[in-house]
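Visitor: I am new to this structure and would like a close look at a single part of it. Please take me slowly through one helix and the places that surround it.

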Amino acid sequence: MPKNTFFRIAEEKRKRIIAAAQTEFLNHPYNEVSINQIIKNARIPRGSFYQYFNDKEDLFLYVISEHKKIIQDEFVKGMEKNNGDLFACVDYYLDMFFNSIYTNRSGIYNIVTAEPLDFDKFWGFGFAENQPDECIFKHYVNNNTIDVEDDIEAEAFINIFASIVRDTIGKVRAAKSDGDMEMVKKSFINQVNSLRKHYQKKTVD
């Protein structure tokens, strides 16, 4: 987390520092990110940087945590709009999701492979024995929209979906062309549709 001094500076200056950091982290692998370049682009003295952050890792984790809030807020809005129906939410965000990750795939690769980031733990995909409440899906999936008998089966459903998301992100990292991304998208849709056939609750007319 940033030091208290960071939160006491003017908002415009904070935004300038974060914007400079985001650009550097997206455009370079983590071990090639230059604090000097961030300082230069943010137009602050070098000494000021270390009054605000302990080091590069401190800045990185803060920048990513702020971005995480935006993504999770959008996810929650989508789930609320679709009454907690995860399949409807996937359909709702599908094109937006793939357009975003395709446009920024090199930057996403730099972020998700950064050394300080424990990807699954940070984003809360699936359930882990020592952090059962970290799954972002758990709190928003409406169990009445999926065909499960109990919470244990609902948890299994969410874990399977999370593994599909992780698999897709891994494929995005390797995508080199429009054709590759189209194949990634088709694979994701096919996997979700297979899950849909098994778990989507049938409506009675």
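Guide: What follows is a walk around helix H2, its two helix partners and the aromatic rings and loops beyond them.

Please keep in mind that this is a predicted model. As a setting for the close look, the protein chain has 10 helices and 0 strands, and along the sequence it reads as α-α-α-α-α-α-α-α-α-α. Of its 205 residues, 42% count as buried, while the chain exposes about 12000 Å², of which carbon and sulfur atoms supply 49%. Among contacts between residues at least 6 apart in sequence, 65% join residues at least 24 apart.

Helix H2 covers residues 11–27, and its axis comes within 10 Å of the axis of helix H5, residues 56–81, the two crossing at roughly 95 degrees. Angles from 65 to 115 degrees count as roughly perpendicular, and H2 and H5 are therefore roughly perpendicular to each other. On the H2 side the contact involves Ile18, Ala21, Gln22 and Phe25, which meet Lys56, Leu59, Phe60, Tyr62 and Val63 of H5. Sorted by class, the residues where H2 touches H5 are 7 nonpolar, 1 polar and 1 charged.

H2 also meets helix H7, residues 105–112, where the axes come within 7 Å and again cross at roughly 95 degrees, which makes H2 roughly perpendicular to H7. Here Phe25, Leu26 and Asn27 of H2 are in contact with Ser106, Gly107, Asn110 and Ile111 of H7. The residues of this second contact divide into 3 nonpolar, 4 polar and no charged. Phe25 thus takes part in the contact with H5 and in the contact with H7.

Phe60, one of the H5 residues that meet H2, counts as buried because its relative accessibility is 1%, and the cut-off for buried is under 20%. The rings of tyrosine 30 and phenylalanine 60 have centres 5.4 Å apart and planes at 70 degrees, so this pair is edge-to-face. Tyrosine 30 sits in the loop between H2 and helix H3 (35–42), while phenylalanine 60 is in helix H5, so that the pair links distant parts of the chain, 30 residues apart. Tyrosine 30 is buried too, with a relative accessible area of 10%.

Tyr62, another H5 residue in the contact with H2, belongs to an aromatic cluster together with Phe6, Phe7, Phe49, Tyr50, Tyr52 and Phe53. The whole structure holds 18 aromatic pairs, and one of them joins phenylalanine 6 and phenylalanine 53, a tilted pair with 4.9 Å from centre to centre and 55 degrees between the planes. Phenylalanine 6 lies in helix H1 (residues 4–8) and phenylalanine 53 in the loop between helix H4 (46–52) and H5, so the pair ties together parts 47 residues apart in sequence. Phenylalanine 6 is buried at a relative accessible area of 1%, and phenylalanine 53 is buried at 0%.

Two loops complete the tour. Most residues other than glycine have a negative phi. Arginine 43, in the loop between H3 and H4, has a positive phi of about 60 degrees although it is not a glycine, and at 57% relative accessibility arginine 43 counts as exposed. Asparagine 83, also not a glycine, has a positive phi of about 55 degrees; asparagine 83 is found in the loop between H5 and helix H6 (86–103) and counts as exposed at 56% relative accessibility.

Note on methods: Residues numbered from 1 in each chain as written. Predicted model: local features only at pLDDT ≥ 70, side-chain atom pairs only at ≥ 80, totals over all residues. Heavy atoms only, no water. Axes fitted to C-alpha atoms, helices over the stretch in contact; angles between N-to-C directions. Helix = DSSP H or I, 4+ residues; strand = E, 2+ residues; numbered from the N terminus. Parallel < 35°, antiparallel > 145°, perpendicular 65-115°, else oblique. Contact = heavy atoms within 4.5 Å. Nonpolar A, V, L, I, M, F, W, Y, C, P; charged D, E, K, R; others polar. Buried < 20%, exposed > 50% of the residue type's maximum accessible area, 1.4 Å probe, protein only. Areas by Shrake-Rupley, 256 points an atom, 1.4 Å probe, with all protein chains shown as cover. Phe/Tyr/Trp six-rings, centres within 6.5 Å; stacked < 30°, edge-to-face > 60°.
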